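Biologist: I would like to go through this model with you, one label at a time. Please show it first.

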Amino acid sequence: MDLMDLHTISTYRYAHDRDDLRLADGERIVAGGTWFFSEPQVASTGVVDISRIGWKPFEDLPDGGLRIAATATVAQLAELPAQRGWHAHPLLFQCATALLASFKIWNVATVGGNICRSFAAASMVSLASGLDGRALVWRADGTDYTVPVAELVTGNGTNTLGDGDVLRAIDIPGYALRARTGFRKIALAELGRSGAVITGRHDEDDTAVFGITAATLWPTVLRYEGLPDADRLRADIWAADGYYTDPLGAADWRRSVSATLAEQIRVELSRSTKDNGAR
């Protein structure tokens, strides 16, 4: 579907600065637009395209972290070179592969757009939640605020963004990028949408974090002072809320595979820690 198919759209303009982000009634912001242009938008009458706003795709943060512009494409993120000390670097590409899309979509779909759509299987939500990413949001009144991406997403396709709010960037802290990570995903069909995406992280201070997405309606983040034992991790995953049933998987299946995949990551991180300590 292209713009000609969106018969309710009467205006299309590009934003070049923050002032251009003030929306008229019926206007909607797009970046890549891969979802927006894929189906009817009967409640929309205008488009504000931020693809030419000129934000740098990536910026270094003082703590060694990374700012990812909302307009950065999935392809740019997946191809980002590893920086010194970024043990978590493989997770960038791994989470990108959880997006059910061709390489053509990777070159258009944006990190911010994927997060703002907030679907349960949103791969950039998996990444940001697993790495303690915080969303920098611009309000229409000129003020800013930040919120963890894991808290921004409230359900399958819902979030806390208000009318006129614009996602500016996602900040990934340095400690999360320096952590050792693990990743697993599963789908009922070989080329189907992810039924469960699990991330694991073991920080320098021994903190362990496990993220569950796609299997739950909103991101589930489990935190531990150290790597948990198998029984503790399994019990916490089984007790988590938000597992759901749809044509791509039953709730009980999502819960069960999440526990199985998380245990694989726990074992992997435990071995990685032991190997690293032996050197």
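Biologist: Which residues touch the most other members of the largest nonpolar core?

Modeller: This is a predicted model, so keep that in mind throughout. The largest nonpolar core has 53 residues. Trp55, Val111, Ile115, Leu127, Leu131 and Ile170 touch the most other members.

Biologist: What is Leu127 in contact with, leaving aside its neighbours within four places in sequence?

Modeller: Leu127 is in contact with Leu77, Leu91, Leu92 and Cys95. There is also a second, separate core, with 19 residues. Among them are Ala208, Ala215, Ala240 and Leu261.

Biologist: Why is Cys95 called buried?

Modeller: Its relative accessible area is 0%. Buried means under 20%. Therefore Cys95 is buried.

Biologist: Is Cys116 buried or partly exposed?

Modeller: Cys116 has 28% relative accessibility. The partly exposed range runs between 20% and 50%. So Cys116 counts as partly exposed.

Biologist: How many disulfides does the structure hold?

Modeller: Zero. A disulfide is a covalent bond between the sulfur atoms of two cysteines. To count here, a pair of cysteine sulfur atoms must lie within 2.5 Å. The structure holds no such pair.

Biologist: Let us turn to a serine. Where is Ser129 found?

Modeller: Ser129 is in helix 5, which covers residues 123-130.

Biologist: What makes Ser129 buried?

Modeller: Its relative accessible area is 5%. The cut-off for buried is under 20%, so Ser129 is buried.

Biologist: What does the side chain of Ser129 reach, and at what distance?

Modeller: It reaches the backbone oxygen of Val125 at 2.8 Å. A polar contact needs N or O atoms within 3.5 Å. The 2.8 Å distance is within that limit. Leaving aside neighbours within four places in sequence, Ser129 is also in contact with Val149, Ala150, Pro219 and Val221.

Biologist: Now the charged pairs. Why is the pair Arg18 and Asp144 called a salt bridge?

Modeller: The closest N and O atoms of Arg18 and Asp144 are 2.8 Å apart. The limit is 4 Å, from a side-chain nitrogen of Lys or Arg to a carboxyl oxygen of Asp or Glu. Therefore Arg18 and Asp144 form a salt bridge. By this rule the count comes to 15 salt bridges.

Biologist: Which parts of the chain does the pair of Arg18 and Asp144 link?

Modeller: Distant parts, 126 residues apart. Arg18 is in the loop between strand 1 and strand 2. Asp144 is in strand 7.

Biologist: Are Arg18 and Asp144 buried or partly exposed?

Modeller: Arg18 has a relative accessible area of 26%. Asp144 has 41%. Partly exposed lies between 20% and 50%, so Arg18 is partly exposed and Asp144 is partly exposed.

Biologist: How do you know that Asp132 and Arg201 meet in a salt bridge?

Modeller: Their side chains are 3.0 Å apart, N to O. The limit is 4 Å, so the pair counts as a salt bridge. Asp132 is in the loop between helix 5 and strand 6. Arg201 is in strand 12. The two are 69 residues apart.

Biologist: What makes Asp132 and Arg201 buried?

Modeller: Asp132 has 14% relative accessibility. Arg201 has 1%. Buried means under 20%, so Asp132 counts as buried and Arg201 counts as buried. Asp132 and Arg201 are also linked with Asp203 and Arg223 in a network of salt bridges.

Biologist: How are Asp246 and Arg254 classed, buried or partly exposed?

Modeller: Asp246 has 21% relative accessibility. The cut-off for buried is under 20%, so Asp246 counts as partly exposed. Arg254 has 0%, so Arg254 counts as buried. Asp246 and Arg254 form a salt bridge, with the closest N and O atoms 2.5 Å apart.

Biologist: One more residue. What does the side chain of Arg13 make a polar contact with?

Modeller: With the side chain of Glu27, at 2.9 Å. The side chain of Arg13 also reaches the backbone oxygen of Asp20 at 2.8 Å. Arg13 is found in strand 1.

How values were computed:
Residues numbered from 1 in each chain as written. Predicted model: local features only at pLDDT ≥ 70, side-chain atom pairs only at ≥ 80, totals over all residues. Heavy atoms only, no water. Helix = DSSP H or I, 4+ residues; strand = E, 2+ residues; numbered from the N terminus. Buried < 20%, exposed > 50% of the residue type's maximum accessible area, 1.4 Å probe, protein only. Polar contact = N/O pair within 3.5 Å; in protein donor to acceptor, adjacent residues only side chain to side chain. Contact = heavy atoms within 4.5 Å. Core = buried A, V, L, I, M, F, W, Y, C linked by side-chain atoms within 4.5 Å.
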